[in-house]
Amino acid sequence: MALIPVNIKDGTLKKNEIIVGIDLGTTNSLIAIIDRETNKPIVISTNDYELLVPSIVYLGKNQNPLIGNKARKYLVEEPQNTIFSVKRLMGKSYKDVAENHTIKSYKIIDDNTESLVKIEVDGKFYTPVELSSFILKELKNQAESKLNVQITKAVITVPAYFNDSQRQATRDAGKLAGLDVLRIINEPTAASLAYGIGIAEGEQKIIAVYDLGGGTFDISILKITDGIFEVLSTNGDTNLGGDDFDEEIVKFWLKKYFINNDISNSKNDLQKLRLIAENAKILLSKTNSFFVEYDYKNQKIKLELSIDEFEGLINNLVEKTIKSCETAMKDANLKNSDIDEIILVGGSTRVNLVKEKVKQFFNKSELHDKLNPDETVALGAAIEADILAGNRKDILLLDVTPLSLGIETMGELMDVIIPRNSKVPQSVAKQYTTSKDGQKNLRISIYQGERDKVSFNRKLGEFNLSGIPAMPAGLPKIEISFMLDADGILKVKAKELRSGIEQKIEVKPQYGLTDEELEKMLLDSLVNAKNDVEYRSLQEAKTEAEQLIYTTQRFIEKNKNELSDIEIQQSNKFVEVLNTALKTDNKNEILKAHEALNHFTKPFAERLMDKAIAFAVKGKKIE
Ligand code: AMP
């Protein structure tokens, strides 16, 4: 019997209940269930009989958001109001996103801080969590109308490289969409389950999951032992995929057929050519040559592409993915012969050259490529959901923690350290810092529950970390570790890493908690999801605004002599506006005033920074 973690005591899972599997993708999203007649996973088709829902959200004036195919046409018509690739922003700060230049058509607030990104559309601010929740809600609604049952529970997949905050953001998006997210699982793990790998008793395997989609490439190396999936390494390229193959074909045709005209200046014609290129590519996974007559300015141009030409065009791109595989294997400390199975995921793995190169690199004659590569991840998520629903007799379930465990952070917010449904034993550490200069003491309060405001959760204990040496705000590195052992005892340790001072406490989360109370806590979190998210985003906006006021005032005080009177007066005015906005408790007002202050002070903050750097570098020799 294989071991898959689930909490069998939590009382919220009912036999034969429908739990859906969701692949929340960068480009497309899918929802799948187990077909009770065949006992096989199937993707649920949407209202317009499509299986894929494009991960696009259109936020039009005075109307509900439009999702998927309905939103697609606005990508061109109203790009500033149409959000795509929101997955790339999940759990990311402005700083992380600044390095990713691919998303330009809508407004991501450039705040230059460590806080999480927001998107501004028509004076309103949205978080990636809210935007993703719109997509999840659409999938949920469509599945509900198709199946005629209410859906409240789901398994959602994320890339293996997603960090804690990206996973938490995905969980929150599910909650906001009215879904109890029973488990977040890795996409390669789901793909492996879809092929039935990792379920059998005593199975020990090392697998490689090669995932090449439209715009991204991932390779993951996993080790499976008795139903437990461990990620040994991941690698990839967030800007490489089938769209680049299409681009190569377009460039080739432009050179060959359009050298003497101005087609490259017409966005429309180029877009048409791109679509023909995609068709050519798709056809060339079944045949050896492609041709079509293209009407261009009353001329008929015969566009041709042979398989050899196509493979020549994309060879370097495919080689790039193989280089990533090489790095992933090195990072996992493995030889190619250690890999037992290779699974292909993503639409672009239908390209023959891709299959050949992957086979060659791993020295294998067979690949797992029989399932539809667009659906594999969603199908696997549905299998995991079925296991969690208790419908698989061949699987023994391990115990997990039934409620999230975390600490209180600024604004009375719950910051989850061990998410609910994590397998036990579990050990997680997270880093925090101080918000005020010279802060010497820190109170650490430990909570259990799913609500965003700590007072709605269960307090398990608290202690003081005192004796932190006086440092400027943001400099102390405080590591909080949660260690939950197999007996359900939670040890919490706080350590200031620069000075080494530490403090510990031990609590028993399950002590005195009845099944009914537990179930009520879970239900409350779903019923109040919208209010909770609003509360969290308001508190976060307030905390960030207070921080900005604090740093601006400190900055002005320190640099009085370097700033003009106008700069000082205006900054103070913007600070006042932000202070007034803070009193309104209106998130959008606060964010707007925050943006305005930030926008005004940024140029001279940068000017002084440049000066300071020039001063520091002056007189230093470069060896
Ligand atoms: P995904 O992001 O996994 O949905 O993959 C989408 C990518 O797969 C797009 O670039 C498609 O053009 C590509 N694709 C879909 N079908 C085929 C096919 N038969 N041959 C080659 N590429 C394909």
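How many residues of domain 1 are in contact with how many residues of domain 2? Counting contact as heavy atoms within 4.5 Å, 11 residues of domain 1 touch 10 residues of domain 2.

A word on what you're looking at: this is a predicted model, where local features need pLDDT of at least 70, side-chain atom pairs count only at pLDDT 80 or more, and totals for chains, interfaces and linings use all residues. Residues are numbered from 1 along each chain as its sequence is written, and side-chain values use heavy atoms, with hydrogens and water left out.

The protein chain splits into domain 1 (19–241 + 313–393), domain 2 (405–527) and domain 3 (537–617), with bounds that come from an automatic or database domain assignment. Going by C-alpha atoms, the centres of domain 1 and domain 2 sit 30 Å apart.

Put those two domains together and about 900 Å² gets buried, with carbon and sulfur atoms giving 45% of it. (Buried area is the accessible area, with a 1.4 Å probe, that two parts lose on being put together, summed over both.) On the domain 1 side, Arg171, Lys175 and Asp180 lose the most area to domain 2, together 45% of what that side buries.

Asp180 turns up again in the one salt bridge between domain 1 and domain 2, a salt bridge being a side-chain nitrogen of Lys or Arg within 4 Å of a carboxyl oxygen of Asp or Glu. Its partner is Arg420, and the closest N and O atoms are 2.6 Å apart. As for the make-up of the domain 1 side that touches domain 2, its residues divide into four nonpolar, two polar and five charged, where charged covers Asp, Glu, Lys and Arg, nonpolar covers Ala, Val, Leu, Ile, Met, Phe, Trp, Tyr, Cys and Pro, and polar takes the others, Gly among them.
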